[in-house]
Every structure is written in structure tokens, then in C-alpha cells.
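The paragraphs below lead through a few parts of one protein structure, step by step. Keep the sequence and the model in view while reading.

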Amino acid sequence: MSCFRSTKYLFYILMLPMMLNAQENMLPKVFEDKPKVDFIASHYRLLATSAFRNLTVANNKADWLKQKEAIKKDIVTYSGVHLSQTLPLEMKETGHVQQNGYIIKNIKFQTRPNVSATANLYLPEGKGPFPAVIITHGHWPDARRSDLFQSVAQVLVQAGYVALTIDAWGAGERCTDIREQEYHGANLGASLLNVGQSLLGMQLTDNIRGIDLLCSLPEVDPTNIGATGASGGGNQTMWLAALDERVKAAVPVVSVGTFQSYIMNSNCVCELLPKGLTFTEEAAVLGLVAPRALKILSADKDTNPSFVPSEMLKSYERAKPLFSIMGAENKLTYETFDTGHGYWPLMREAMLGWFNLQLKGKGDGKASATAEVSPLDAARLATYPNGDRDLNIETTASFCQSAGLLMHDQVFKQNDLSIDKKRADLSLLISQVEKRKVKEIRQLGMEDGWQKKILVTEEGQSIPFLWHPAAAEDKRCRVFFHPGGKDSISTELIDHAIKKDENVLLVDLWGTGEQSSAEARAIDGQLPDFHTLSRSSIWLGRTVMAEWFADINVIYDWLEQQGYTRVELNAYKEAAVAALLFSASNNIEVLNLYDAPYSYQFDQRAGIDFFNMAIHLPNVLQWGDISLMAALSSSKVCFYRPRSMSGRLLSRERAKVLHNEIEFFTKQLHKPIKVEFLINDN
């Protein structure tokens, strides 16, 4: 069978532009009143609370040292940190600025093979070696060259410290277009997950290499190195100090809270550790710093619930015993300030006093007066002042493209595929959530020919759906679901199924339509849909795909109980991937996928938000791709208007390549090809 067809010969495809671009339906609402409790938000917070309660730390040194190594190993594994300290640094200076008493060098250096970071190196005049501090910025314009982080560096260099500021991965001069600043998180940063990396891990790799750089400089005393940063940069400081024992003292600013508080709150993808809440809480990460020195600075007027002092104190109190059993009771402290989110002058004074004690052996660790600061125009500190950037300044887009292609080639070197093995690995990939079980089906009457029903699970979840029974006895059922909710399904497709006298079921999956989380949507704001839910689920060792899989499964179980033995799934965009995943291990007769991705390969930066944040599956390209999922399916799979990850329509040339890929897999799996890519030629 041909794997693709010209759509002009098929009924659905003749109508497809009209069908898929139809305005939202005015279908009956299932819930008569808005649910009083946001089930998803409350459920996830309950899971986070349980994790906080259960993720305890050892109470003696021997056990803690074992636990410490296990936690560090898991952080490296799940973040994707690349440790390559034997890699040549290849530091290159591209310019400098002479200041009174110090010089600022504009540099780049190698952090991964063929990957370089842009940075500024602040060197004091005089005879060294000097103590040194690496400074990690947060989400401020101009990244490392922002006035705020220039000020931190100037305070330190004028006090006799070497200071290194690095553009975080995807920020500053490491944006997709060096001339345009962009947000490095959301769908762009989350794309790293698909190639088995994380934005947190990319940053942590850079910062560890930053320590390598400092240790290599004759001006630096490698036994006295500190780290500091604010907000997302303070988060980087914590992870760096936890993993790299060359950091003798650390000062994370407006960034310490609890991982529990990250769930259903506003945080960046750069602060996401995949599966983090399955093995550690923030207190243990702070404890990894012991017996080295750690001072936490928090703002009383911080508006981010994850970083408020009350959350910080929960982790601080839990970390104290770890410092105690490591004989470092006096190496852990905190201070709060009557300020908002930022790295304010009083905080800089507190930081300097702490570093003076820990890295110079001077003073009592309390606030120290700082010199006046005068930030420079950001252009003077640019590694590439004319925007003529070297090719080895990798961006998220270029890295994901090259890493994805490499993984694609590796998958095709597997010549001993096993259906059972690949299905088992796929199950692990999407992550497992508790199996939904039907507690009851609530009947809420009829409206406009639709029976309004709610499937209530034993966990208390309410899955709303509309049911249009066939007039004649028929054991076939056509099920529809859309990431925008059932109101986003085209009326033409629904009407066509009803006219054929088929049983029709429209479902709002987890987080969609009437089952959406109002809290998550409010937190998302202008960010892509499912930003909060996707990030929260991955912290908890789950994925949105797993939640959708579980909903599809319980609906499918109910249909089987009702005697419907021939099921056809019709799914859209991101939800189409969940349907495809489900069909790989369940007997679905037909799978119609509309505007679905045909590959997880990153193709271009433009259009990155065509799919919402639910699309991401950590490590998916290491496992395989959409073509392998389709080959595993026992269904007849039809892709209508298949898309790239940036939303570009599938070409006939690319469809031929996909056909060959699927044929390669199906031959190894000893299965026939049952996949079609239906292309709109008009």
C-alpha cells in the first residue's frame, strides 16, 4: 500500500481546509455549573505535598554520603549535564574595556565539543592570584551584560575578586538571532527535552566549564572560588554549588524555595529538573553543598510564590541537619530583605561580606561596604560587537537540529528491533500515571441530540463527554478529542459521522475544554498553553501525554464494557500523539490524526509555538520518532495535513522519506505497513 496519497481524490481531504478551519462549535456544556474545585491543580499539589513529605534526608553522616552520591548521579542523568573537563577551553578574547583598577575582557570559551559560550572576564589590577566568583544571571534584558549583573561583577572586581559572567544557554549573544533578544524558555527551551537534554542541564554544563576556566587562569586562586546569581541565575548557582565541589562558597539570591512550590506555580523551563520530585527535594540539593559555605538571600516582597521566604525557610530548616552532620553548622545561613525580586545593593553588600569571610578569611561574614558601580553600555561588553557570530556559538535551535539528526541516525543502526521491547521502552518514555478506573457514569440529560455524561474515576476525576448514539444497533464508535477541547472539533467531521449513523463520542481530555485547569491557564498568561501543566507534570515524573493516555484508556475500557468492539480515534495536533501512543499497545481499528506532527525533529525556530507545551516528551528522539510509533501501531493510521514541529505542512518528498522509514521499521517488526500520509496538493 502507498504510504501517501494526493488528497484531491479523498472525500475528507476535499473538505479538509473547511473542516479544520471551521470556527469553534457551540456544543452543549456537560457541566451544569463550573466545578468548585480545580481537580488538576489540587491533585498535582497533593502529589507535590506527598513528595515533599516522603523525600526525607538521612540523619547520619554515613547514610547521607551514600544518599548524596545517589542524588548527584540522578541530577546528572535527568538534567543531561555533560561533564567534559578534559575538553580544551579554547578561550578567545575579542575585545576589552580598561577601567579604573580593573579590566573587562570580552571572551568566548568552549563548554561542549564544538559549543562555545559568550562571557565577560573581570580582572583586578595588582598581583594575584585572586579569589574568583562566577556570576549567573536571571531573566533580565541583556543577560550577562544587564546593568544588574554588571553591578554585581563591578562590586566584586573592585573588592579584589576575579569575576566571570556567562550568557546562559539561549540568552544574550546566544539567542537564535544575535540581534534579537528572546525568551530562552517555553517551547524553545523545552525542545531540548526531546533530545534528552534540559535547559537546566545545558546551563549547568556551561557553568561547570566556567569553573574550569577560572581554575585555568594564573590570576585565580583555584582553592577560593565562589558562585552567585539571582532568580533563575540564583537557581543556577544552587545547582552548580551542589555538583561542583570546587565552589567553596555560594550565594543564591531570590531563588531558593521548595520544589513542591514549583508545582502549579510560575517558573521557567530553565528551573525544571525532569523527574526531580521523584528523588529529591530542594533541601537535599542545598545539603549537597555541605561542608562548603552557603548563604541564601531572599526578598520579603517577592511576588513569586516559589521564592518567598516562607518556602525558603522550609528548605533551610531541612538542610540545617545535613550541614550539622557534615561538621559545618556555621557554613549555612540566610538573610531576608525588605525588597522585591532582584539583586539589590543591600544584597550585594551581604554577598560581599560573606565572600570576604569564606574566600579571603576576612571579616565576620556580615554586610561589607561596596564601591560605587557604573554599568557600561552593553555593546561595549559584547563578544561579537558587530553581530558577526562564530558558527560554534550554538543556539537551542541549531543544537536541537544537530542532536536530533544524530539520534535519528543512531535509531536506524538498530537491526534487532523487538515489538515488545520498543513498546515497553515507549511506556517508560511517556511515564506512567496511576491507571484510571471507572467509579460511575453520571447521566446529565439530553441537549440538541447529545447525551451529556461524566465519567467519574475512583480518584475523583470527572471526565466530561458528549455521546450521540447511532439509531441502529451498531458496535462501532467514533471518538474525537482536541487539545483545545471538544468545541474545537470541526462540525463537518462530527456531522459526517452522525449522518453515517455512527456512535459518536466527544471527550474533553485532561487539561482541555471543560476539564481544563483554570489555575494553570491563569498562570500561563501569555506563555504557550500547557506551560504550567507540562512543566509541573515533568517535575513529578509524569507527562501530559501520560495523563491523556490514561484518559483515553479509561474511556476505551468503558466502551469495551458497553460492547463497542470497533473503535476509531480522531485526534488533533498534540492529542494526536497521545492517540498514536495509545494505539501502539491497544486494539484501535482506525486512527485519524489531524494536523499532527510527523516527526519530533526540530526543523526551524519560526513557528515554534504551533504546538503547545503538551507536545514534549523527554528523550523521545533517543527512543525513536513518530514514524516508529506509527510502525508499532496495530491500527490503520491516517495522517491528515501532517506537520513539522514548527507547523510546516508535509511535502511529498518528505512523505516518501517517511514511507521508507516506516517500511524499515515494519520489516524488522514483521508487520505490514498500515500508515498513510494524506497530503493536500491544492
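A residue is called buried when its relative accessible area is under 20%, and exposed when that area is over 50%. The model shown here is predicted. With that cut-off in hand, cysteine 477 can be placed: its relative accessible area is 2%, so cysteine 477 is buried. Cysteine 175, at 1% relative accessibility, also counts as buried.

These two cysteines lead to the matter of disulfides. A disulfide is a covalent bond between the sulfur atoms of two cysteines. To count as one here, the two sulfur atoms must lie within 2.5 Å. The structure holds zero disulfides. For cysteine 175, the closest cysteine sulfur belongs to cysteine 268 and is 12 Å away, which is too far for a bond. For cysteine 477, the closest cysteine sulfur is that of cysteine 638, at 18 Å, again too far for a bond.

Next comes helix 4, which covers residues 147-158. Its 12 residues should span 16 Å at 1.5 Å a residue, and the end C-alpha atoms are indeed 16 Å apart, so the two values agree. Helix 4 is mostly covered, with 10 of its 12 residues buried. Among the buried residues are Phe149, Ala153 and Val157. The buried residues of helix 4 pack against strands 3, 4, 5, 6 and 7 and against helix 10. After helix 4 comes glycine 160, which has a positive phi near 95 degrees.

The partner helix 10 takes in residues 345-360, and its axis comes within 11 Å of the axis of helix 4, the two crossing at roughly 35 degrees. This crossing is right-handed. On the side of helix 4, Leu148, Ser151, Val152, Val155 and Leu156 take part in the contact, and they meet Arg348, Met351, Leu352 and Phe355 of helix 10. By type, the residues of this contact divide into seven nonpolar, one polar and one charged.

Further along the chain, glutamine 197 sits in the loop between helix 5 (186-194) and helix 6 (199-216). Is glutamine 197 buried or exposed? Its relative accessible area is 15%, so glutamine 197 is buried. Leaving aside residues up to four places away in sequence, glutamine 197 touches Ser79, Gly80, Arg112, Leu192, Met202 and Phe399.

Helix 6, at one end of that loop, has 18 residues and reaches 26 Å from its first C-alpha to its last, close to the 26 Å expected. Of its 18 residues, 16 are buried, so helix 6 is largely enclosed by the rest of the structure.

Key: Residues are numbered from 1 along each chain as its sequence is written. This is a predicted model: local features need pLDDT of at least 70, side-chain atom pairs count only at pLDDT 80 or more; totals for chains, interfaces and linings use all residues. Side-chain values use heavy atoms; hydrogens and water are left out. Axes are lines fitted to C-alpha atoms, for helices over the stretch in contact, and angles run from 0 to 180 degrees between N-to-C directions. Helices (H or I, at least four residues) and strands (E, at least two) are DSSP runs, numbered from the N terminus. A crossing is left-handed if the near helix is turned anticlockwise from the far one by less than a right angle, and right-handed if clockwise. Contact means heavy atoms within 4.5 Å. Ala, Val, Leu, Ile, Met, Phe, Trp, Tyr, Cys and Pro count as nonpolar, Asp, Glu, Lys and Arg as charged, and the others, Gly among them, as polar. Buried means under 20% relative accessible area, exposed over 50%, partly exposed in between (1.4 Å probe, protein chains only). The expected span of a helix is 1.5 Å times one less than its number of residues.
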